[in-house]
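Here are my notes for you, written as a colleague would jot them down. Have a look at the model first, then read the points with the picture open beside you.

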Amino acid sequence: MGQTILVTGGAGFIGSNLVRFILENRPDDRVINLDALTYAGNLESLADLMDDPRHEFVHADIADVEKLEGVMPRVDSVLHLAAESHVDRSIHDPSLFLKTNIIGTQVLLDAAKRHGVGRFVYVSTDEVYGELPLDDKSQLFTEETPLKPNSPYAVSKTGGDMLARAYWHTYGMNVSITRCSNNFGAYQFPEKVIPLFVNKLIEGEQVPLYGDGSNVRDWLHVLDHCEAICRVLDDGKPGEAYNIGGNNERSNLELTRMLIDLCGRDESAIKHVEDRLGHDKRYAIDASKIRRELGWEPTRSAWPGALEETVQWYKDNRVWCDHVRSGEYKRFYAQNYSGS
Ligand code: NAD
Ligand code: DAU
C-alpha cells in the first residue's frame, strides 16, 4: 500500500535526488518535500517535478512548529535530510549548524512523535566517527566504532543522530539512522569539492587543493545512497544505525588528477592552499551490515565510469550551475510554490 513520505531538505543535493528516486521507483508513494530553501536548496533541481501530483512542496523551516502541524497529520514516514551540510562553513560559523542540525531535528522529532508518525529515518554521516589513519588501510568505520566527531558540522550531526536514537530509546519511536560516506552525482551545490573543481576547471581557473591532498574519502553515487535510504525506510530495524559506503576510497590528489584529465587540463591547474582546520585524514566505511541485513550494495559508484558521467552532467548543465551559484531563480520558485 502506498504511503506519504515527508522528505526534509528535498531541494538539496541528496534530497532532490531522493525525491526523484521515490517518484520514479515507488509509484504508490507520495512525497511532501519540506525545505527552507537556504542557499543550498534549489527547486530548479526539481523543475520537471514541481507539478507532479505526487509531489507537494512546502516552503518551511524544520523548526517551524506551525508549518509542521499543517503537514504531519498527513505523513506516514519521515526521511530527515535537511541540514547545514558544508564542513568549511561550520568552521567559520558553527552556530547555525547547531540550530538547524540539533534543535531543528529535535523540533521535527517532537512533531513526528505528537502525530504518531509510523517511521522516521535520520540521515546522518560517517563524520560522526571522526577520522581514520592514512597508514593502516585495514581500519574501517563500523556501526560499533565510538562516535568522535571532529568538526562543528560533525558534532551537530552527531547531536541529531543521538537525539534520533534517544527518541527510539525513550519514547519507543520507530527510528533508524543511516551513516553514509561522501556522495557524488548530479545537482550537488558547487561548494563541495567535485562540482567546485569541475566548474573551476571548465572555466579555466585553478583548483584549491587543501594541504598535500593526501586526505582520503570514500565516494558513493548519490543514487546508490537514495536506494539505501529506501531500504532502511522499508526494512531497517528500530533503534539501529546502518553504514553506507561506496567501496571507492580515493585521495583528494587522485580525485583532482582524474578531474583534471576529464576536463582536459594539466597539473598546473592545481593550487596547493592552506589546509582545512582539523581536516579529517581518512573516512572508510564497512557497509557489511546493510548488505547482510537489507541486501543493499552500491551498483552505480564505480570509477572512472560514474565520475565521468558526473563530470559530463556538470558540463551539460551550465545554466543550472550559474543559476544556483547566483541564487537568482530562488525568488521565482519561492513565489510560485510557497506550499501549504
Ligand atoms: P545540501 O546542503 O545540498 O542540502 C540541504 C538542504 O536542507 C537544502 O535544500 C536546504 O535548503 C535544506 N535546509 C537547510 N536548513 C533547513 C531548515 N532549517 N529547514 C528546512 N530545510 C533546511 O545537503 P546534502 O549534501 O544534500 O545533504 C543532505 C543530508 O545528508 C544532510 O543531512 C547531510 O548531513 C547528509 N549527508 C550528506 C553527505 C554528502 O556527501 N553530501 C554524506 C553523508 C550525509
Ligand atoms: O563524509 C560525508 C560528508 O561528506 C558529509 O557529511 C558532508 O555533508 C559533505 O559535505 C562531505 O564532507 P567533506 O568535507 O568530506 O566534503 P567536501 O566536498 O567539502 O570536501 C571533500 C574533500 O576535499 C575534503 O577532504 C576537503 C577537500 N577539499 C574540499 C574543498 C571544498 C579541498 O581540497 N578543496 C576544497 O576547496
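What follows is a set of numbered points on the two ligands, the cores, one helix and a few loop residues.

1. Before anything else, keep in mind that this is a predicted model. The distances and angles below are computed from its atoms, so to speak of them is to speak of the prediction.

2. Let's start with ligand 1. Which residues are the closest to ligand 1? They are Ile14, Asp35, Ser85, Tyr153 and Lys157, out of 28 residues that surround this ligand. Try clicking on each of those five in turn.

3. Now for the polar contacts of ligand 1. In the side chain of Asp35, an N or O atom sits 2.6 Å from an oxygen atom of the ligand. The side chain of Tyr153 also has an N or O atom 2.6 Å from an oxygen atom of ligand 1. Phe13 joins in with its backbone: an N or O atom there is 3.0 Å from an oxygen atom of ligand 1. On its own, ligand 1 has 840 Å² of accessible area, and the protein covers 96% of that.

4. Where does the shell around ligand 1 come from? Two or more residues each are given by helix 1 (13-25), strand 5 (119-125), helix 5 (152-171) and strand 7 (182-184). The largest share, three residues, is from strand 5. By type, the shell holds 14 nonpolar, eleven polar and three charged residues.

5. On to ligand 2, which has 24 residues around it. The closest are Thr125, Asp126, Tyr153, Arg276 and His279. You met Tyr153 a moment ago, since Tyr153 is also listed among the closest residues to ligand 1.

6. The side chains do the talking here. Tyr153 has a side-chain N or O atom 2.6 Å from an oxygen atom of ligand 2. For Thr125, the distance from a side-chain N or O atom to an oxygen atom of the ligand is 2.7 Å. Glu127 has a polar side-chain atom 3.0 Å from an oxygen atom of ligand 2. The protein covers 94% of the 690 Å² of accessible area that this ligand has on its own. Helix 3 (87-92), helix 6 (193-202) and strand 8 (207-210) are the elements that give two or more residues to the shell. That shell divides into ten nonpolar, seven polar and seven charged residues.

7. Next, look inside the protein. In soluble globular proteins, nonpolar side chains tend to be buried together. Here the largest nonpolar core has 37 residues, and Val7, Leu18, Ile22, Leu79 and Ile290 have the most contacts inside it. Among the elements that give two or more residues to this core are strand 1 (4-8), helix 1 and helix 9 (288-294). Another core lies apart from it, with 27 residues, including Trp313 and Trp320.

8. Ile22 is a nice one to zoom in on. Not counting residues up to four places away in sequence, Ile22 touches Ile5, Val7, Asp29, Val31, Arg54, Leu79 and Cys230.

9. Helix 8 (residues 252-262) has Asn252, Leu255, Thr256, Met258, Leu259 and Ile260 as its buried residues. What covers them includes helix 6, strand 8 and helix 10 (305-316). After helix 8 comes Gly264, with a positive phi near 65°.

10. The loop between strand 2 (30-35) and strand 3 (55-59) holds Ser45. Is Ser45 buried or exposed? Its relative accessible area is 1%, which is under the 20% cut-off, so Ser45 is buried. Beyond its neighbours within four places in sequence, Ser45 contacts Ser16, Arg20, Tyr187 and Trp320.

11. Ala40 is in the loop between strand 2 and strand 3. Although Ala40 and Ser85 are 45 residues apart along the chain, their C-alpha atoms are separated by 8.8 Å.

12. Finally, some backbone angles worth a check. Leu37 has a positive phi, near 50°, and counts as buried at 11% relative accessibility. Asn247 has a positive phi too, near 55°, but Asn247 is exposed, with a relative accessible area of 65%. Last comes a cis peptide bond, from Trp303 to Pro304, with omega near 10°. You'll find Pro304 in the loop between helix 9 and helix 10.

Key
Residues are numbered from 1 along each chain as its sequence is written. Chains are lettered from A and ligands numbered from 1 in the order in which they are written. This is a predicted model: local features need pLDDT of at least 70, side-chain atom pairs count only at pLDDT 80 or more; totals for chains, interfaces and linings use all residues. Side-chain values use heavy atoms; hydrogens and water are left out. A residue is near a molecule or strand if one of its heavy atoms lies within 4 Å of it. A polar contact is a pair of N or O atoms within 3.5 Å; within protein, one must be able to donate a hydrogen and the other to accept it, and residues adjacent in sequence count only if both atoms are side-chain atoms. Accessible areas come from the Shrake-Rupley method with a 1.4 Å probe; for residues, only the protein chains shown count as cover. Helices (H or I, at least four residues) and strands (E, at least two) are DSSP runs, numbered from the N terminus. Ala, Val, Leu, Ile, Met, Phe, Trp, Tyr, Cys and Pro count as nonpolar, Asp, Glu, Lys and Arg as charged, and the others, Gly among them, as polar. A nonpolar core is a set of buried Ala, Val, Leu, Ile, Met, Phe, Trp, Tyr and Cys residues joined through side-chain atoms within 4.5 Å. Buried means under 20% relative accessible area, exposed over 50%, partly exposed in between (1.4 Å probe, protein chains only). Contact means heavy atoms within 4.5 Å.
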